[in-house]
Amino acid sequence: MAFAAFATAEAQPQAPRKKSRIALFLLLPGILYLVLFFLTPLVSLVLTSLQAPTEFGDIGQYSYAFNWQNYVDVVEAYWPHILRSFGYALAATVLALAFSYPLAYFIGVKARRWPLLQSLMLVLVIAPFFISFLLRTLAWKQILSDESFIITSLKALSLMAPDAHFTGTPFAVIFGLTYNFIPFMTLPLYTTLERLDLRYLEAGSDLYANPFTVFRKVTIPLSMPGIVAGTLLTFIPAAGDYVNASRDFLGGPDTQMMGNVIEANFLVLLNYPAAAALSIILMSAILVLVGIYVKRSGTEDLL
């Protein structure tokens, strides 16, 4: 009897250890994937950012070194592009939130009584994803070109100067960023608002709060996870975008963002260390800004 109890006590600790091994085995493919396709390129990018030109080498030939001066050089040379990128991304994120919140609120809260309408509006929100990002931006370039009906009508009504242009301006770039990333803002907001318990809103009204107070004190705090998720999904890709600000699309010479500079250094100038250093700076700045934003919004559990 004592021997059986001792054997049972010895066998009990083996179960958690076996479960941990199974969990580790199940996580192994994901860990290998992250190491191969995220960690390895990131290490290579960091090493490339520290390279120095090969002595007596041709253009585009660099050797591994610890040339930290690359970071100083790119900040001094491209600081306007860095500020412009985050300024455009912030403006586009704010505009996307302003447009998406009423839309998501209507779909997730007001349209609950009409499931067919709710599904139809969700399809309309997702529909742009079925068309290429480049084609959508190129279409807006044609719509907003100087010869388009919209621009010629605005000039005919004296709402625009005869020699004014819309494409190639910061307004066009911010418009393109806002349009292209609105679904990334709307869907997280809809997901949060669709689960909103309407009894909280009714309780606020029963306590004699006006609709604006209920919205400010109840609806917005309860939808904050969706706001944070949508903001991150919009701001991060917008800050690194290089399509909308390109001269081939909605941008011009004075609207270049960091993505355009990185592309030019990698593919045209063959200045791989500068491009890699700018990429590291972009990622680091986004991580810092996102961390501060999530910390201030009180949704650290999203990280």
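Which backbone oxygen does the side chain of Q256 reach? It is that of A245, at 3.2 Å. The model is predicted: local features need pLDDT of at least 70, side-chain atom pairs count only at pLDDT 80 or more, and totals for chains, interfaces and linings use all residues. Residues are numbered from 1 along each chain as its sequence is written, and side-chain values use heavy atoms, without hydrogens and water.

**View 1. Surroundings of Q256 in the loop between α10 (224-239) and α11 (258-267).** Q256 is buried (under 20% relative accessible area, 1.4 Å probe, protein chains only), with a value of 14%. Leaving aside neighbours within four places in sequence, Q256 is in contact (heavy atoms within 4.5 Å) with H81, R84, A245, S246 and R247.

**View 2. The kink in helix α3 (residues 69-108).** Helices are DSSP runs of H or I with at least four residues, numbered from the N terminus. The end C-alpha atoms of the 40-residue α3 are only 51 Å apart, whereas a straight helix would reach 58 Å at 1.5 Å a residue, taken over one less than its number of residues. A kink of about 75 degrees lies at Y78, shortly before P80; the bend is the angle between axes fitted to the seven residues ending there and the seven starting there.

**View 3. F86 in the largest nonpolar core.** Such a core joins buried Ala, Val, Leu, Ile, Met, Phe, Trp, Tyr and Cys residues through side-chain atoms within 4.5 Å. Of its 34 residues, F86 and L177 touch the most other members. The helix giving the most to this core is α12 (272-297), with 11 residues. Beyond four places in sequence, F86 is in contact with F235, A239, L282, A285, I286 and L289.

Definitions and conventions:
Helix = DSSP H or I, 4+ residues; strand = E, 2+ residues; numbered from the N terminus. Buried < 20%, exposed > 50% of the residue type's maximum accessible area, 1.4 Å probe, protein only. Polar contact = N/O pair within 3.5 Å; in protein donor to acceptor, adjacent residues only side chain to side chain.
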